[in-house]
Amino acid sequence: MERGNIQSAIDEIGKVCGHTTTDPAELLLYSFDSAKIKHKPDCVVFPESTEEVSEIVKICARRRIPVTARGAGTGCIGGAVPVEGGAALVLTKMNRIIAFNPDGLYVEVEPGIVNAELSGFLEKRGFFYPPDPASLKSSTIGGNVATGAGGPSAVKYGVTGDYVMGLTVVLADGSVLDTGIKTDKGVVGYDLKKLFVGSEGTLGIITKIRLKILPKPEAVVTATAVFPERKDAVSAVIAILHKGIRPRTLEYIDRTAIRCVEGYLKAGLPVNAGAILLMETDGKTADAEKEMDDIREVCLAGGAESLIIAENREEAEAQWKTRRSISASLNRLRPTKINEDVTVPRNRIAELMERTAEMSERTGLPIVNFGHAGDGNIHVNVMTDANDAEEYELALKTVGEILDLTLALDGTLSGEHGIGITKKPYIAREIGATGVKISKAIKKALDPDNILNPGKIFP
Ligand SMILES: Cc1cc2nc3c(=O)[nH]c(=O)nc-3n(C[C@H](O)[C@H](O)[C@H](O)COP(=O)(O)OP(=O)(O)OC[C@H]3O[C@@H](n4cnc5c(N)ncnc54)[C@H](O)[C@@H]3O)c2cc1C
């Protein structure tokens, strides 16, 4: 579809939204996310209300000009990259908590609020919003909803989509949809709010979010178990769940990751371990402690050489520092990290580990595995150098093999990051031709001129 005059659109948008810019530095700043794929927008707009978003989208719709929503730009799949130019709609100024309803157990927020800010607000009042992507200190709730983000606590508490009770969404023609409920249950018609969770800005711009909240657990117990053998760490994940324990966190870190973090932090980590598990239990103090005692029993019986329980918050933070430092420390191996977030049934995690280790040996490319083993969501990181064309091509081929392997293991290509640009060549392998046809029909029905985040998800 031919696009209309961009300059006249920018002029008109500027009249609606005071903070609209074409400054080359700003265009560059909003041209990429964590996937480091770049394409500049024609303008960057920072709306402050649903009404402004609606007017901006109407202006763009009249000229069929692309509008790409953006939160903090921490996405890993190029989702917020405006690949066809147009307006980058940055929602970070819409960051208010609109309503806090402790008795109804929900909050209403604007999309630009950072996850950790919302969590901090709730914690001070004795409440808790569980979804905790590792990027929680920077990523926005709007981005979390649009990607369907997960995190370490998903093993017990589920993912972002499980907490979305309602949404306000600006559609491709600028009209505004309010969808959802203020109750725990509701089955009136199609569940439209679910359609927008994980839709990556391709079906509408989310401008208000109602989220379920929980009372804050009385205690959280944190521990790290060290396993000489990788396979024993993986078996322990299943043994813990079979025991009837539902840990709040069950994170796996492989030997290469441990060594990289140790090189970075010099924290005395067990560099000869096959793998470590970082685990948390929560609830009433006595229950959380008892569950961690049970976990210790399972781990030691299953080949762990030690399990260290954090005595206080500082020690717990030190254990988390290892986990949170992995991404930054991997650059010691190669400058470019291709971070996949494949998810397999728990009984197939061991095979995923073995086969990716074989691929690493065969290709000479470091492959590092860590992440949310409790729900089978493993971050498989292929380390390479994007400036070395031959090696980079080999890395991309290896990623393709990993994705095929994941499907062969009955897994899914993305547990939490989404499809964006980087995984669109592979989507049909998972959802099939009929799945792609139906998804495209939904996109066409809601956005006939393909102005909302074009160039994403579909091959
Ligand atoms: C160090 C690191 C750790 C991470 N750990 C995790 C993790 O544990 N779990 C996890 O799930 N992800 C993780 N991520 C990925 C990323 O943080 C998430 O995908 C996050 O939800 C993106 O939020 P954002 O605000 O940065 O969104 P952006 O990157 O700005 O946008 C992401 C997508 O959402 C769309 N979008 C954003 N806001 C809106 C809106 N208001 N309306 C409609 N569409 C919108 C964009 O168009 C884009 O397609 C991690 C990333 C990094 C860098």
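Reader: Which backbone does an oxygen atom of the ligand meet at 3.2 Å?

Author: In this predicted model, that partner is a polar backbone atom of Gly 79. A polar contact here is a pair of N or O atoms within 3.5 Å. Nitrogen atoms of the ligand take part too: one is 2.9 Å from a backbone N or O atom of Gly 150, and one is 2.9 Å from a polar backbone atom of Ile 206. The protein buries 92% of the 980 Å² that the ligand exposes when taken alone, by the Shrake-Rupley method with a 1.4 Å probe.

Reader: How many residues surround the ligand?

Author: A residue is near a molecule if one of its heavy atoms lies within 4 Å of it. Here 34 residues surround the ligand, with Ala 69, Gly 71, Thr 74, Ser 135 and Thr 140 the closest. Helix H5 (141–147) gives the most, five residues. Helices (H or I, at least four residues) and strands (E, at least two) are DSSP runs, numbered from the N terminus.

Reader: Are the two faces of strand S4 covered or open?

Author: In a regular strand the side chains alternate between the two faces of the sheet. In S4 (residues 87–90), Ala 87 and Leu 89 on one side and Ala 88 and Val 90 on the other are all buried, meaning under 20% relative accessible area (1.4 Å probe, protein chains only).

Reader: Which strand joins S4 by four bridges?

Author: Strands pair if DSSP finds at least two bridges between them. S3 (residues 67–70) runs parallel to S4 over four bridges, and Arg 70 has Val 90 as its bridge partner.

Key
Residues numbered from 1 in each chain as written. Predicted model: local features only at pLDDT ≥ 70, side-chain atom pairs only at ≥ 80, totals over all residues. Heavy atoms only, no water. Buried < 20%, exposed > 50% of the residue type's maximum accessible area, 1.4 Å probe, protein only. Polar contact = N/O pair within 3.5 Å; in protein donor to acceptor, adjacent residues only side chain to side chain.
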